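Good morning, colleagues. Please bring the sequence and the structure up on the screen, and I shall take you through selected parts of the fold.

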Amino acid sequence: MTNELDILVLDGDGIGPEITRATLDVLEAASSRYCLPLRFTMEAVGLPAFEREGSTLPERIVAQAQAADGILLAPVDTASYPPREEGGVNPSGTLRRKLDLFANIRPARTRPGVPPPCGKPFDCVIFRENTEGFYADRNMAVGSGEFMPTPDLALSVRKISRDGCLRIARVAFAHAATRPAQHVTAVHKANVLKLGDGLFLASCREVAAQYPQIRYDEVIVDAMAALLIRDPGAFDTIVTTNMFGDILSDQASELSGSLGLAASLNAGDAHAMAQAQHGSAPDIAGRGIANPASLIGSAAMLLDWLGARHAIPALRRAATAIEKAIDDAVVAPGTRTRDMGGEAGTDAFARAVIAGLEQVDPSGAPAPAISACSRPRT
Ligand code: ATP
């Protein structure tokens, strides 16, 4: 009997609790159909945790996350948090840093039968460096990466390290090697940020040299914003620094159909955290209309990562089946959510995904997904 894997579920703010419930329903259905060794523990982070415990990310939850086998984090509304000194800690940034989740893996693809807003089919995955860059809450050992020498002058420090660049480049190329296109594009602004993005490009070139079979090219980030709209199918695996990856991945997801489809995984060598790409969508919170596909798809990525890490094929098969069930649910207008022009609510979408799971043969072979980024546990 395989030992159970502990999944810590943090249900967040805004639409977080609604899409978390829908995602847990799908995970529980997949667990029972695929006999998955998963045990779920729910905890509150964000504003509910602040009201109860005086912090949006109580220390005990950080410890729980460190001990868990995987984490599912719902969107958090950091814009509404009090200052850090008063308990407003960004759960997403803090967990990414404390668990060293250096790779934010953000796939974006058009779905069969769903006309994409961009008019062109594409299938790409963005590897965004997740622990340094311009992010003031995580790029300093002590203090903040933003500071004000005078009330009228603000400085924001951007951290780029060779090790940080090499490790994101390595997982991006390892992943690209599993995909048919065998193509990596590094996105940068080395024409202006000659040192920081120069170091990033030098690191990408060093890793590219180890993969002679992979076509490697480099595109400046502003041109990339235009090219993604003009011809998204020209790209396959994209590797970039933290903030460029954040922006381009929202763009790519919206081009694929909706930000509500945007799944992602934060992965490191020892931990992984599923997290939708989007925010807490306060404008639609509490109405039961949010698209849960993003968090359900993120959970599927986590299952795939766990399946590769623990050598449990059923987890990887379940991940593939959930992905297929999402594809099928977004095709039919009756089960599509409003952000995609349909009429279904959050729960109805989850039910459609669960019904789709029932159609898939649970003994089917898994397709390679993000397993190249998951190291077997030693
Ligand atoms: P943050 O700063 O945390 O990213 P935000 O308010 O800037 O938050 P989002 O919360 O990502 O951005 O919302 C952007 C838009 O996309 C909003 O109109 C929101 O309603 C919509 N949106 C985001 N997620 C979903 C979803 N899962 N389903 C439907 N609409 C969504």
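Alanine 68 is buried, since its relative accessible area is 11%; here buried means under 20% relative accessible area, exposed means over 50%, and partly exposed lies in between, with a 1.4 Å probe and protein chains only. This is a predicted model, in which local features need pLDDT of at least 70 and side-chain atom pairs count only at pLDDT 80 or more, while totals for chains, interfaces and linings use all residues. Residues are numbered from 1 along each chain as its sequence is written, and side-chain values use heavy atoms, with hydrogens and water left out.

Where does alanine 68 sit? Alanine 68 is found in the loop between helix 3 (59–67) and strand 3; helices (H or I, at least four residues) and strands (E, at least two) are DSSP runs numbered from the N terminus. Not counting residues up to four places away in sequence, alanine 68 touches Asp6, Leu8 and His271, where contact means heavy atoms within 4.5 Å. Serine 31 is 37 residues from alanine 68 in sequence, and their C-alpha atoms are 18 Å apart in space.

From that loop we move into strand 3 (70–73). Both of its faces are covered: Gly70 and Leu72 are buried on one side, as are Ile71 and Leu73 on the other. Strand 3 runs parallel to strand 1, and 4 bridges join the two; strands are taken to pair if DSSP finds at least two bridges between them. Within that pairing, leucine 8 stands opposite isoleucine 71. Strand 3 also pairs with strand 12 in the parallel sense, over 3 bridges, and there leucine 73 faces glutamine 275.

Let us now place these strands in the whole sheet. It is an open sheet of 10 strands with mixed pairing, in the order 2-1-3-12-11-4-5-10-8-9. Which strands stand at the edges? They are strand 2 (38–43) and strand 9 (215–220); each has a single partner strand, so one side of each is left without a neighbour in the sheet. From one strand to the next, the twist averages 20°; angles run from 0 to 180 degrees between N-to-C directions, and axes are lines fitted to C-alpha atoms, for helices over the stretch in contact.

Elsewhere in the sheet, strand 8 (residues 183–188) and strand 10 (residues 237–240) run parallel and are joined by 4 bridges. Valine 184 has threonine 237 of strand 10 as its bridge partner. Threonine 185, also in strand 8, is buried, with a relative accessible area of 0%. Its contacts, leaving aside neighbours within four places in sequence, are Asp217, Val219, Phe235, Thr237, Ile238 and Val239.

I turn next to the helices. Two packed helices are described by the angle between their axes and the distance between the axes. Helix 9 (residues 293–309) and helix 10 (residues 313–331) have axes that come within 7 Å and cross at roughly 160°. The two helices are therefore roughly antiparallel; angles over 145 degrees count as such, those under 35 as roughly parallel, 65 to 115 as roughly perpendicular, and the rest as oblique. The contact involves, among others, Ala293, Ile296 and Gly297 of helix 9 and Leu315, Arg316 and Ala318 of helix 10. By class, the contact residues comprise 11 nonpolar, 2 polar and 3 charged; Ala, Val, Leu, Ile, Met, Phe, Trp, Tyr, Cys and Pro count as nonpolar, Asp, Glu, Lys and Arg as charged, and the others, Gly among them, as polar. Helix 9 also lies across several strands of the sheet, including strand 1, strand 4 and strand 11, and runs at about 160° to strand 12.

Helix 10 has a further contact, with helix 1 (residues 16–34): their axes come within 10 Å and cross at roughly 130°. That angle makes helix 1 oblique to helix 10. Helix 1 contributes Val26, Ala30 and Tyr34, and helix 10 contributes Ala314, Arg317, Ala318, Ala321 and Ile322. This contact has 7 nonpolar residues, no polar ones and 1 charged.

My last residue is glutamate 254, in helix 8 (residues 242–256). Is it buried or exposed? Glutamate 254 is partly exposed, with a relative accessible area of 42%. Not counting residues up to four places away in sequence, glutamate 254 touches Pro117 and Leu259. Proline 116 is 138 residues away in sequence, yet its C-alpha lies 8.9 Å from that of glutamate 254.
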